[in-house]
Amino acid sequence: MLSTSRHRGRVAAHGGVGVYAGTSRPGPFRILGKVRIGGQEVPGAKPRALLVALLLEANRTVSLDRIADALWDGEPPRSAVANIRTHVSALRRHTDGAASLLSRPGGYELLVPEEHCDHHRFMRLAAQGRRALDDGNPEQAAPLLGQALALWTTGVAAEGVPRHGWPAGPLDHLDEERRRVIEDLAESCVEAGEPRSALRELHALLAADPLRDRGWALRMRAHHSLGEPGGVSDSYQAAVRAFRDQLGARPGIELDRLHRALNAS
């Protein structure tokens, strides 16, 4: 087990989205896209990976073993503890007083308000938007969901940081939550009578990830709301081709039922 016995001090520490583009000022710590503190990208691959690991476990001690798991693919080098200490020192020089990076027995802890972390703000706004959508308030849901998506600077969490060890799970989860929020926003647009905005939100999502039944269903519903039966059928056939080409299967039965229902109405 790696040890911190030699260093136990305390050191203080998207553009718009459719017609519902929200304004959500990002906090100083950003991992939704490029890893940044304030407006500056954190220099160095290892300091960036370290910051991501500490932010994912903000306000909790992260052991040296878990930090090593996040920084190195496979067995860490014999100099891992010294290297981690160096990366911590580099990271402390970039926190600008926005957080406290503390040495703890056996690890490190980043003390930072959740509102200073873009991924926490994203999850909070997404939850609020989904509650509004579930409660039948798409006009209230859409701005919240748009603000959540506006926190992303690219389409990948911690872009450029290798997904070694345990951080891969929560980073993959953030990526999937972003895709779900796009679908939530598209549904809000359809329900609020803005189907063209829904189509704009879904275009890039389905191009990048075409095996999403819900996304195709929303695209079909949007075309139906616009009185475009050809668009409904074209969307369904595009979904069938995507599933056939990538999985050798058909989309779920619900998509087929929706296609028939929309064509019959």
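Is C189 buried or exposed? C189 is buried, because its relative accessible area is 1%, and buried means under 20%. Keep in mind that this is a predicted model. Below is a quick tour of its cysteines, its largest cavity and one of its helices.

**Cysteines**
- C117 also falls under the 20% cut-off for buried residues, since its relative accessibility is 0%.
- If you are wondering about disulfides, the structure has zero of them.

**The largest cavity**
- The largest cavity encloses about 40 Å³ of space.
- Its lining is made up of A49, V52, A53, A70, V161, P162, R163, P167 and L171.
- Sorted by class, eight of the lining residues are nonpolar, one is charged and none is polar.
- Helix α1, which spans residues 45–56, gives the most to this lining, with three residues.

**Helix α2**
- Helix α2 runs over residues 64–71, and its buried residues are L64, I67, A68, A70 and L71.
- These residues sit on the same side of α2, because the arc they cover around the axis is only 160°.
- The partners that the buried residues of α2 pack against are two helices, α1 and α3 (80–92), and two strands, β4 (61–63) and β6 (107–111).

**Where the topics meet**
- A70 belongs to the buried set of α2 and is also one of the residues lining the largest cavity.
- Helix α1 turns up twice as well: it leads the contributions to the cavity lining, and the buried residues of α2 pack against it.

Note on methods
Residues are numbered from 1 along each chain as its sequence is written. This is a predicted model: local features need pLDDT of at least 70, side-chain atom pairs count only at pLDDT 80 or more; totals for chains, interfaces and linings use all residues. Side-chain values use heavy atoms; hydrogens and water are left out. On a 1 Å grid over the protein atoms alone, a cavity is a set of points where a 1.4 Å probe fits but cannot get out, and a pocket is an open set with protein on both sides within 12 Å along at least five of seven lines; lining residues have an atom within 4 Å of a point. Grid points are joined across faces, edges and corners, and a volume is the space filled by probe spheres set on the points. Helices (H or I, at least four residues) and strands (E, at least two) are DSSP runs, numbered from the N terminus. Ala, Val, Leu, Ile, Met, Phe, Trp, Tyr, Cys and Pro count as nonpolar, Asp, Glu, Lys and Arg as charged, and the others, Gly among them, as polar. A disulfide is a pair of cysteine sulfur atoms within 2.5 Å. Buried means under 20% relative accessible area, exposed over 50%, partly exposed in between (1.4 Å probe, protein chains only). The arc is that of the directions from the helix axis to the C-beta atoms. Contact means heavy atoms within 4.5 Å.
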